[in-house]
Structure formats: structure tokens, C-alpha cells
Amino acid sequence: MQKQRSRIILVSLLSASVLTALVWMGALDTADYAASDALYQSRAATDGEVLLVGIDDRAIDELGPYGQWTREIMAQALDALNQSEDCRPAAIGIDVLYSGESEPEWDQRLADAAGRYGNVVTACLSQFGTAAVEDGDGSFYLKDFSILNFEEPYQALRSVTTQGHINAMLDKDGILRHHLLRYTTPDGREMPSMALALAQMYTDYWDLGPVTLPPVDGRNFWYMPFCGMPGDFDESISIVDLINGDIDPEYFAGKVVFIGPYTIGLQDSYVSAIDHARQMFGMEFQANAVQALLWGEYKQEAGDGLQLAVLFAALLLGMWGFWRRRVLAATALWAVLCGGWIGLCAVLYQAGWALHVLWIPVGVTVLYAGCLAVNYIQAAAERRQVTNTFKRYVAPEIVNEILKEGTEALELGGKLTTIAVLFVDVRGFTTMSEMLEPPQVVAILNRYLTLIADCILKNGGTLDKFVGDAAMAFWGAPLPQEDYIMRACQAAADMASGSQALSEELMEQFGRTVSFGIGVHVGEAVVGNIGSPQRMDYTAIGDTVNTSARLEANAPGGTIYISRAVADALEGRIRTTSLGDTIKLKGKKEGFEILTLDEIIG
């Protein structure tokens, strides 16, 4: 038992360790990200403080291909927004990169329009990758997430505006889920995201104080709770409407306004965490980030180390609950662990913590399925083992009942049980065997033993053993039986009657005959598997067994001896003849009454 327990502990630790390691290595990342997005990300009503002005298909149709636009068009859009101090937006984000110089007149025109009220944030962009970096001792090492190229507005525009980066960094599954809050430029400046710059500009305009910053990881990324799906911030305002004066400037007063690409043709769209089916335009992503920064209701991703530890503990609990358990109990635990974890994730997300949704459900499900499969295979093997072990000496209907108990029926040990014990021996066989050839002896013995076995099993008994030309059987174990004492006596009577026909046949063939001496007693005995783990017998031991054996040893051929205990139990159902205590049994005190079983009457 201790060895089996140690093996289960070892298997549990190994299984939990392997599954935890696979999760740590990223085996579930793609599926987990998708499940987390589905559970966590949901649209919410905004306060209308963030507006989008699109460089859309209508603008391209009316103003010509975007690549041919002069900077005069963006200057006109800014003029329309900043017509006066009274109606200007709190912050304007130009989601277009103006990094190189063009015609001086147009460059200055755009700079003048952007610098009028100091409320414009222009875009800069970095290319990240792995670069060789010089160490302090003159050596070099490779550093990932290095800025390989940095682009910013031309000097005239840069000097009159605030800059913010528009980098949209996809997670490794190709989904836009995190926002890069800021980074340090190659010349040492701290560059905020355009969303952060606009949010701070908005709070300054309304005198709301500094923006509460979200928790970030080691690279300054933060997990962004989206509030709008693709199209949710769209009010169908085209840059053409702005330039033509079709929108009342008061509509933009005191708000955050984005101007940027809003058509697939300009290749500024991404698949986002809130909608894996439709792409979100870059300025929609920025708008979501601004709204999240203004609300300040951030979500922090719990550390992977802690979650891996929780996963490991949950897997150990799962192994304990699934191993060798009934399907219903194992399924209930599986449902509690999986459903409880998903529910906990939903609750903690509302409290500001984002957990890995699938780590525990998938890990527990793998263990659940694996344990069910192993349990099934082991149960089938145990059924074969039990069947093969007991079918040799137990009636088939008893074998079926034993199968319900499983391997407990095969463990060393016994229990005190009241049973009826029968011993039978072939009288005269030794003398006959001296006159016959060995093959004849074996054939005759097998016929007698077959008769004995048939009579025992037909009456639901357990055939304990053959010892030469003798046999032992008992009733009332391994499972309780109704009328087990009568079953034992009926088996004895069947043996006696069956031996008569067999004796007549032997008399004709060999001129000699044999008969049975039978003893039946009832009482308590220890029944179970007795021996060693390498070699055991399912048997009964105790005084009841010894008494039955001594009854059989004293019974003449063709006679069935029973004890007073048997006769009393079957009173009115059998006919007996009492021999009193005229026969002395070894180990029994004076007064032990022996009776012959003459007939079974009911």
C-alpha cells in the first residue's frame, strides 16, 4: 500500500511538472490569448470626448490619391478645428507621419496651423529590433527591442507641436493587445505614445491634473482594456467635411480629435483583442488608449510565476481528485476547478487583475481525460485479473459481484465471517490407484474432482482447494449469501448422489468402486487472501475449518457428517440421525454432537 501511494505521488508530481513546464514554454499562449480576449474585452459606452476625423475613401475620391496630397490639406483641417480660442479642441492628434521636408511653403503653412494654440500632437515612429550594443568595457552584446530607426516630424513642425509615437506593437499571436506607453529615443528623450500625450493635454486643458499612469511591464507595455470595437468611435466625419466647413467647430470644442487614415487602402489597420474578426484602424486603437487613460481603470496582468505556482497546485489537486475516482466524482471536481477558475478570472478582472484564463482549465482537462483513460484501462485490467483469479474457484455469479469491489478483493488480509465449510474426500481411491496404470488413475481422479467442482459451483460455493483426492469449499464468502448453510448441504447431497452413478461405472470397468466421505460445519472463520504478495491463496482458516475437516475425516464412505450447528440452522428442512458424542473429534471437548445428513426435504 505504501509503495502504491508513493507511486501515485510520484506520478502526480511528474504530471503536474510536465504540464506546468509546457505552459511555461508557451504551448497554450495562442489559445489562452484568444480565450482571455473573449472573456475580458467588451465594449463600453464612452463619454464622447474622443472624436475621429477620417482620411477616408470619400476624401480620396474628392481630393485625389493620398500620395499626391500636399501638406496644405492637413493645414486646412487644423485651421477648421482651431478657428478661435473659444471653440478649439483640447487636443488634436495627427496620426500621420510628416518626417521629411517638402515644399518650404507648405511645410511652413502646416507648422503655422499646428502651432497656433499649442494643442497639436504630431506623430513619430520607431523601428525596433536586435542591435549590437557596446558594453562599458568596450565589448559588444546583442540587445533586443533596440531602436533601429527613428522618424519624427520635420524641424519646423516639431518645434511647435508635442510629439507622440504611433507604434502599434502586435503580440506574438498577431493581435493588438498591449500599448507601448513610452520609450527613450536614440538621443535620450522620453517619447510618450500619442495617446498618452493627448490624454495629458486633455487633462491640462480641463485642469484635471496629471494622468494616472497604468502599470507597465519591463518594456513599458501595458495591457489595454478596449472599450470600443472597430467602428464604435466612427461618426462618419471625413476630413473633407472639416475642410468644407460642413461641421460646426463647436462640436469639437474641448475634446480630443484624431485625424488619420480611415480606409484599408492606406494600410493602417490591425486585428485587435476586442474583435478578432474585423480590423481596427490605427487611430481607433489610439482612441481606445486615450479613453482608457482618461478613465484610469487599468487592468494589471498577474505575474506568470505566481500563476504557474497556482497551476501546479491545481494540477496536483486534480490528480488527487481524478486518480482512481468514479467518473461522476471526477467530473464534478473537473467542473468545479474549470468553472471556478473561469469565474474567478472574471471577478478578478473587474477588480483590476488579468489572469490566464485557459491555463488551469486546459491543464486540469488534460489530467481529467488522462486519468479517466488510465482508470478505464486499469479497471479493465483489474476486471481481467479478478476474473482470472476467482473464476477458478468461485461461481460465476459471485465473480460478477466481486468485480464491483475491484482490487480490494485481491489484497492481502482477511475478515472474520460466518461461513459454512465443506470437506470431501474420495474413500478407497488410494487402494484402487495401486491396481491401475497412472493414466487411468489420473482420468478417474479428474472425473471425481470434476463432479466435486460441479456440485460446489452449481450451489454457489467457493472452491477453496484440491488436496490430492480431497477438496475444501465454503459458502457465505467472499460475499454474503442467502441460505448459505442449505447450499453447502445441498452440494454435499449432490456429491453423494452423483458418486453413486460414477461408482457403478467404475465397478463395471475395474471391479472396484470408491465413495465420498463428507463433513459440513458452520461458524466463524477468517476469510481472505493469505500468503505473500508473490504467492497468495484465497482461503478460510480457523476452528470452523478444522472442525469440518475432522468431520470429513471420520465420515465413512457414502456418509455426510454435519454438526449440531448445521442441524439446528436447517431444522425442519433436513432429516438427520444423531450419533451423539460417540465419535471423538481431535481438539473437541466432550459433548460435541455429530449427526448424519440423511435427506434434504425442503
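Helix axes here are lines fitted to C-alpha atoms over the stretch in contact, and angles between them run from 0 to 180 degrees, taken between N-to-C directions. Keep that in mind for the first stop, and remember throughout that you're looking at a predicted model.

**Stop 1: two helices side by side**

Select residues 71–81, which is helix 4, and residues 104–114, which is helix 5. Their axes sit 8 Å apart and meet at an angle of about 20 degrees. Angles under 35 degrees count as roughly parallel, so helix 4 is roughly parallel to helix 5. Look at the handedness too: helix 4 and helix 5 make a left-handed crossing.

Now show side chains at the contact. From helix 4, pick Arg 71, Glu 72, Met 74, Ala 75, Gln 76, Leu 78 and Asp 79. From helix 5, add Trp 106, Asp 107, Arg 109, Leu 110, Ala 113 and Ala 114. Colour the helix 4 and helix 5 contact by class and you should get seven nonpolar, one polar and five charged residues.

**Stop 2: a buried pair**

On to salt bridges, of which the structure holds 26. Start with Arg 177 and Asp 37, whose closest N and O atoms are 2.7 Å apart. Arg 177 is in the loop between strand 5 (162–165) and strand 6 (178–180), while Asp 37 belongs to helix 2 (residues 29–40), so this pair ties together parts that are 140 residues apart in sequence.

Are these two partners buried or exposed? Switch on a surface to check: Arg 177 is buried at a relative accessible area of 2%, and Asp 37 is buried too, at 3%.

Before moving on, add Asp 171 and Asp 173 to the selection: together with Asp 37 and Arg 177, they are linked in a network of salt bridges.

**Stop 3: Arg 278 and Asp 275**

Next, zoom to Arg 278 and Asp 275, which pair in a salt bridge at 2.8 Å, N to O. Arg 278 is partly exposed, with 40% relative accessibility, whereas Asp 275 is buried, with a relative accessible area of 9%.

**Stop 4: a partly exposed pair**

Finish at Arg 564 and Glu 593, another salt bridge, with 2.8 Å from N to O. Which parts of the chain does this pair tie together? Arg 564 is in helix 18 (residues 564–569) and Glu 593 is in the loop between strand 21 (574–578) and strand 22 (594–600), so the bridge joins parts 29 residues apart in sequence. Arg 564 counts as partly exposed at 33% relative accessibility, and Glu 593 counts as partly exposed at 21%.

How values were computed:
Residues are numbered from 1 along each chain as its sequence is written. This is a predicted model: local features need pLDDT of at least 70, side-chain atom pairs count only at pLDDT 80 or more; totals for chains, interfaces and linings use all residues. Side-chain values use heavy atoms; hydrogens and water are left out. A salt bridge is a side-chain nitrogen of Lys or Arg within 4 Å of a carboxyl oxygen of Asp or Glu. Helices (H or I, at least four residues) and strands (E, at least two) are DSSP runs, numbered from the N terminus. Buried means under 20% relative accessible area, exposed over 50%, partly exposed in between (1.4 Å probe, protein chains only). Angles under 35 degrees count as roughly parallel, over 145 as roughly antiparallel, 65 to 115 as roughly perpendicular and the rest as oblique. A crossing is left-handed if the near helix is turned anticlockwise from the far one by less than a right angle, and right-handed if clockwise. Contact means heavy atoms within 4.5 Å. Ala, Val, Leu, Ile, Met, Phe, Trp, Tyr, Cys and Pro count as nonpolar, Asp, Glu, Lys and Arg as charged, and the others, Gly among them, as polar.
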